[in-house]
Amino acid sequence: MALLEAQDITVRFGGLVAVDAVSARFGAGELVGIIGPNGAGKTTFFNAISGVQPVTSGRLQVAGRELTGRGPHRFAAHGLARTFQTPRVFADMSVLSNVEFGLKFAGKRPRKYWLWGEEEGVAWVLRDAPRILQLIGLSAQADVPAGSITPSQQRLLEIGMALATRPRLLLLDEVAAGLTEAELEDMARLIRRLRDELDLTVIWIEHAVTTLLRHVERVLVLHQGKLIADGTPREVVRNPEVIEAYLGDEMAEASL
Ligand SMILES: Nc1ncnc2c1ncn2[C@@H]1O[C@H](COP(=O)(O)OP(=O)(O)OP(=O)(O)O)[C@@H](O)[C@H]1O
Ligand SMILES: [Mg+2]
């Protein structure tokens, strides 16, 4: 059974079809990238599959449960966590308190949704805030206000806050935007570790296509709201429609 199944998801804003009949299944433990030009509908698709944006039509199932039309809290309660393209941290609270906020949310999750959240089933690293800070590399910043750390550290913190809710499925929206090459590689490695060591399903939107394609096993390409490709990085960079719409010829020649 797919952890998340999106069937024919369409989101309209007035006359604009931001997401156009997109269907995709995401299995347990997958690391999947989503790429596409600006305005392709990537964030809107994320908003739809996390309950943040009501869908115009289509169906959403999380672990076999019908969640179409439900709000973000229901999706979160079923193990879905996400970051936002613009980081949303509590600026006046310490870095540590921001992560503790996520842990409190996990603690409040109704028991019936806790099948994967039982303490023994939770990776040790997600059991307390200091360990989460260690994982994301922000231990030294624990006590400073979240508003005073750098934007790239805020992106890491947002990942930490999402992890603290003990998700099974993590959606990352451009967490590497604005990072230096070195930071970008570190971020990609962190994302791999989350999947490998914490057994998460991760869906990752990023414009840094070369890095993304080196780290994911599968990639979806959106263009003008439509899903134009869903395959391995090797397949996708050779797909004529993808080359035409987004990547150009150089990527097809890059060694993948
Ligand atoms: N709330 C909204 N109301 C109206 N139009 C919207 C809204 N949100 C997004 N759009 C439009 O929907 C389309 C898809 O936007 P979206 O933000 O999903 O693209 P994206 O692929 O995430 O782009 P980017 O790479 O720039 O982040 C764009 O044309 C955008 O202007
Ligand atoms: Mg976006």
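Q: Which residues are the closest to ligand 1?
A: This is a predicted model. In it, 14 residues surround ligand 1. A residue enters that shell if one of its heavy atoms lies within 4 Å. The closest are Gly39, Lys42, Thr43, Thr44 and His207.

Q: Which element gives the largest share of the shell around ligand 1?
A: Two elements give two or more residues to this shell: strand E2 (16–26) and H1. Helix H1 spans residues 42–49. With 3 residues, the largest share comes from H1.

Q: How far is the side chain of His207 from an oxygen atom of ligand 1?
A: Polar contacts here are pairs of N or O atoms within 3.5 Å. A backbone N or O atom of Ala40 lies 3.2 Å from a ligand 1 oxygen. For Thr43, a polar side-chain atom lies 2.8 Å from an oxygen of the ligand. For His207, an N or O atom of the side chain is at 2.7 Å.

Q: What percentage of the area of ligand 1 does the protein bury?
A: By class, the shell holds 5 nonpolar, 7 polar and 2 charged residues. Taken alone, ligand 1 exposes 630 Å². Of that area, the protein buries 62%.

Q: Which strands stand at the edges of the 6-stranded open sheet?
A: The strand order is E6-E7-E8-E3-E9-E10, with mixed pairing. Each edge strand has a single partner, so one side of it is left without a neighbour in the sheet. The twist averages 15 degrees from one strand to the next. The edges are strand E6 (80–82) and strand E10 (226–231).

Q: Which residue in E7 stands opposite Ala81?
A: E6 and strand E7 (residues 169–173) run parallel. They are joined by 3 bridges. Opposite Ala81 in E7 stands Leu170.

Q: At about what angle does helix H1 run to E8?
A: H1 lies across several strands of the mixed sheet: strand E3 (31–35), E6, E7, strand E8 (201–205) and strand E9 (218–223). Its angle to E8 is about 150 degrees.

Q: Which are the edge strands of the 4-stranded open sheet?
A: The order in this sheet is E2-E1-E4-E5, and the pairing is antiparallel. Each edge strand pairs on one side only. The edges are E2 and strand E5 (65–66).

Q: What angle does the direction of H1 make with that of E1?
A: H1 also packs on the antiparallel sheet. There the helix touches E1, E2 and E4. The angle with E1 is about 120 degrees.

Q: Which residue in E2 is the bridge partner of Ala6?
A: Strand E1 (residues 4–13) and E2 run antiparallel, joined by 7 bridges. Within this pair, Ile9 stands opposite Val22. The partner of Ala6 in E2 is Ala24.

Q: Which residue in E4 stands opposite Ala6?
A: E1 also pairs with strand E4 (residues 57–62), antiparallel, through 5 bridges. Opposite Ala6 in E4 stands Leu60.

Q: Which residue takes a positive phi in the hairpin of E1 and E2?
A: This hairpin has 2 residues between the strands. The phi in question is near 60 degrees. The residue is Gly14.

Definitions and conventions: Residues numbered from 1 in each chain as written. Chains lettered and ligands numbered in written order. Predicted model: local features only at pLDDT ≥ 70, side-chain atom pairs only at ≥ 80, totals over all residues. Heavy atoms only, no water. Pairing = 2+ DSSP bridges. Axes fitted to C-alpha atoms, helices over the stretch in contact; angles between N-to-C directions. Contact = heavy atoms within 4.5 Å. Polar contact = N/O pair within 3.5 Å; in protein donor to acceptor, adjacent residues only side chain to side chain. Areas by Shrake-Rupley, 256 points an atom, 1.4 Å probe, with all protein chains shown as cover. Nonpolar A, V, L, I, M, F, W, Y, C, P; charged D, E, K, R; others polar.
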